[in-house]
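Me: I'm new to this structure and would like a close look at a single part of it. Could you pick one strand, start there and walk me outward through its surroundings?

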Amino acid sequence: MTAQPHSPAAPAVTHPLNVIVATDCGSTTTKAILIEKVGEEYRQTYRGEAPTTVEAPFEDVTRGVLNAIAEIEELSGRTILDGDRIITPNQAAQGDPKRGVDIYVSTSSAGGGLQMMVTGVVQNMTGESAQRAALGAGAIVIDVLASNDGRLPYEKIERIRTMRPDMILMSGGTDGGAVTHVVEMAEYIAAADPRPRFGSTYRLPLVYAGNTDARPQIKTILGEKTALDFADNIRPVLERENLAPARNKIHDLFLEHVMQQAPGYKKLIEMAGAPIMPTPAAVGVIMETIAKREGINLIGVDIGGATTDVFSVFNGLFNRTVSANLGMSYSISNVLAEAGLDNIMRWVPFTIDEQTLRNRIKNKMVRPTTIPQSLDELQIEHAIAREALRLALIHHKSLATGLKGIQQERTISDVFEQRTSGKTLIDLLKLDLIVGSGGILSHAPRRIQSMLMMVDAYEPLGVTTLSVDSIFMMPHLGVLSTVNEQAATDVFVRDCMVYLGTCIAPIGQGKDGERCADYEIALPDGRIEKGQLAFGDLKLFALTREQQATVTMQPAKQIDLGNGPGQSFTKTVKGGVVGLMLDGRGRPLQLPGEQAARVAMLTRWYRAVGLYPVGS
């Protein structure tokens with residue numbers, strides 16, 4: 001099910017890569033970074049940013065790219081540009097070490113990213129497989145059409161016509177199976193005659209990755225109406241998913257068709273030394289690369305203004321989901337609507353009336369670029385972020401599942417009534433690392449705030465390491481890893497990732513103040529910290545990333561630390577900029593229902609870890 005990093009038609013790089021410039025063209029800001037080889041390792045040395053110039057008056061994405069690179073030139077003293085051209089390769093061999101770079105790479109989500117519609121025969125089988133393939137390729141899936149989705153034919157046709165996607169992915173049927181439903185869906189698409197979002201003169205790209213027996217009929221129906229391309233069946237047999245070929249084809253067509261329509265992209269493609277990738281796909285690639293290299297299970301989240309992307313790698317299987325309605329500015333009202341006021345209020349450590357809170361949230365939506373001006377505004381934003389993160393993970397768990405529909409003794413009526421369900425791949429007890437990204441996490445005034453937001457939202461179990469992306473350079477490193485994996489992973493570990501620390505969270509519940517577990521922590525300086533963790537306690541111990549501590553815990557008889565209820569546990573853990581956190585608040589985490597008691601408890605927790613300034 002995992003897609004390997006893929007770089008379509010990437011030119012073979014023959015010269016050494018010692019100086020690299022990378023950009024990420026976002027919807028509002030283009031961010032550029034300079035990476036240089038220092039001794040035997042690669043480091044990120046300078047960064048610059050400029051407004052993205054995809055819209056009027058410029059209507060040329062390369063203007064923003066050149067402006068961001070010009071800022072790096074100014075800061076580093078290196079000459080990178082010659083007019084509108086990036087000087088490659090680096091001129092060190094010609095005696096001018098401060099002139100030129102060895103390669104330029106880029107990612108892009110300008111223009112709203114890649115918007116796709118996917119089709120399948122059975123919604124929770126081939127429909128979900130198609131959705132996973134598109135999400136893994138960096139797309140936002142705007143609709144999933146299926147033979148059994150309950151919509152009438154005219155409703156499906158109308159939907160296809162009005163959505164105007166950038167691309168359609170068709171799936172359905174196992175190889176050698178019936179072709180009727182797949183052909184039917186192709187006829188709906190032909191009847192809708194969909195027009196692409198950009199570019200009125202070109203045909204809509206369509207990838208067919210379904211039953212191979214239906215290819216001749218699909219070609220007859222859609223060959224003239226769309227820019228049709230074929231990929232291997234994403235569900236060749238019921239028991240196996242084969243997503244990589246469809247994902248790679250989506251990347252290729254994104255570059256060839258969709259990107260060509262956006263203003264200035266032709267020039268950008270010519271400037272780049274490797275194919276341009278959609279920003280989320282590049283983040284997914286670096287997540288996969290790190291999980292594979294370290295042999296770990298991880299969850300990554302990128303919480304933005306409009307969407308929240310969640311990535312996971314469990315047992316080598318990569319998944320990505322987009323919660324397109326959960327964000328911290330443009331979509332902030334959706335978080336309120338989906339979470340409900342009570343769920344947001346439960347994280348706010350003071351009393352506020354409902355109307356005031358609603359007004360503050362609406363103000364943020366109307367003025368999305370504003371930042372909190374007071375401590376209570378910051379605390380409200382952090383409360384909303386917890387709920388956006390929590391809801392996005394629930395959404396991710398529902399899609400990151402084992403294959404559905406492969407149980408024995410299954411009838412066709414079961415399939416069409418969607419009784420079958422795959423088990424989620426997300427096992428928090430086996431989770432090694434959480435990586436947070438996005439303004440609210442990367443730029444929180446105190447690192448402990450980022451750590452506690454993720455702990456509260458995800459409720460990790462047992463032992464979990466937490467980190468944040470320091471300046472959001474994961475997209476740059478993802479596309480770079482397709483050209484030079486060492487450079488990407490060096491910079492990821494040394495400059496991109498800020499390790500916050502380790503959280504140890506016993507599983508189970510008890511009354512506030514009752515014994516949860518006894519602990520003994522052997523610290524690197526030889527000191528031994530001993531004590532009792534009571535229910536409702538949050539304890540923090542200073543421990544840096546370079547230091548290790550051995551933690552031994554003896555939980556109460558109903559409490560589990562991963563070895564079974566009441567079983568003791570010893571583990572060597574690393575710290576981070578925040579340190580080692582013992583979370584005795586119980587799992588699942590429950591807050592008092594009564595407001596005064598809840599505010600008192602939140603205040604106690606927040607003071608225990610120094611979350612906010614006291615008395616301000």
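Reply: Happy to! Let's begin with strand β24, which covers residues 579–583. Of its 5 residues, 5 are buried, so β24 is largely enclosed by the rest of the structure. Please keep in mind throughout that this is a predicted model.

Which strands pair with β24? One is β18, which runs parallel to β24 and is joined to it by 4 bridges. To find this pairing in the view, look for Gly-501, which stands opposite Gly-579 in β24. Another partner is β21, and here the two strands run antiparallel, again with 4 bridges. A good landmark for this second pairing is Leu-538, which stands opposite Asp-583 in β24.

Each of these two partners leads somewhere else. Let's follow β21 first, by way of aromatic rings. The structure holds 3 aromatic pairs. One of them is formed by Tyr-208 and Phe-230, an edge-to-face pair with 6.1 Å from centre to centre and 85° between the planes. Tyr-208 sits in strand β10 (residues 205–208) and Phe-230 in strand β11 (residues 227–230), so this pair links distant parts of the chain, 22 residues apart. Is each ring's residue buried or partly exposed? Tyr-208 counts as buried because its relative accessibility is 0%, under the 20% cut-off. Phe-230, at 25%, counts as partly exposed.

The pair that brings us back to β21 is Tyr-519 with Phe-541. The ring centres of Tyr-519 and Phe-541 are 5.8 Å apart and their planes meet at 70°, so this pair is edge-to-face. Tyr-519 belongs to strand β19 (residues 515–522) and Phe-541 to β21 (residues 538–541), so the pair ties together parts that are 22 residues apart in sequence. Both Tyr-519 and Phe-541 are buried.

Now for β18, the parallel partner of β24. Following β18 takes us to the second largest pocket, which holds about 590 Å³ of space. β18 (497–505) is among the elements that give two or more residues to the pocket's lining, along with α8 (279–294), β17 (462–469) and β23 (569–574). Which element gives the largest share of that lining? It is β23, with 5 residues. In total, 27 residues line the pocket, and those nearest its centre are Asp-432, Val-463, Thr-464, Thr-465 and Lys-571. By kind, the lining divides into 12 nonpolar, 8 polar and 7 charged residues.

For a second strand to set beside β24, turn to β1 (residues 19–25), where 7 of 7 residues are buried. Val-19, Val-21, Thr-23 and Cys-25 point one way from β1, while Ile-20, Ala-22 and Asp-24 point the other way. β1 has an antiparallel pairing with strand β2 (residues 29–38), over 7 bridges, and the two form a hairpin with 3 residues between them. Within that pairing, Val-21 has Leu-34 of β2 as its bridge partner. β1 also runs parallel to strand β6 (residues 103–108), with 6 bridges joining them. There, Ile-20 is matched with Ile-103 of β6 as its bridge partner.

One last stop is a single residue in a helix. Glu-381 lies in α12 (residues 375–399), and it is buried, with a relative accessible area of 13%. Leaving aside residues up to four places away in sequence, Glu-381 touches Met-328, Lys-364, Pro-372 and Ile-440.

Terms used:
Residues are numbered from 1 along each chain as its sequence is written. This is a predicted model: local features need pLDDT of at least 70, side-chain atom pairs count only at pLDDT 80 or more; totals for chains, interfaces and linings use all residues. Side-chain values use heavy atoms; hydrogens and water are left out. On a 1 Å grid over the protein atoms alone, a cavity is a set of points where a 1.4 Å probe fits but cannot get out, and a pocket is an open set with protein on both sides within 12 Å along at least five of seven lines; lining residues have an atom within 4 Å of a point. Grid points are joined across faces, edges and corners, and a volume is the space filled by probe spheres set on the points. Ala, Val, Leu, Ile, Met, Phe, Trp, Tyr, Cys and Pro count as nonpolar, Asp, Glu, Lys and Arg as charged, and the others, Gly among them, as polar. Buried means under 20% relative accessible area, exposed over 50%, partly exposed in between (1.4 Å probe, protein chains only). Contact means heavy atoms within 4.5 Å. Two strands pair if DSSP finds at least two bridges between them. Rings of Phe, Tyr and Trp (its six-membered ring) pair if their centres lie within 6.5 Å; planes under 30 degrees apart count as stacked, over 60 as edge-to-face and the rest as tilted.
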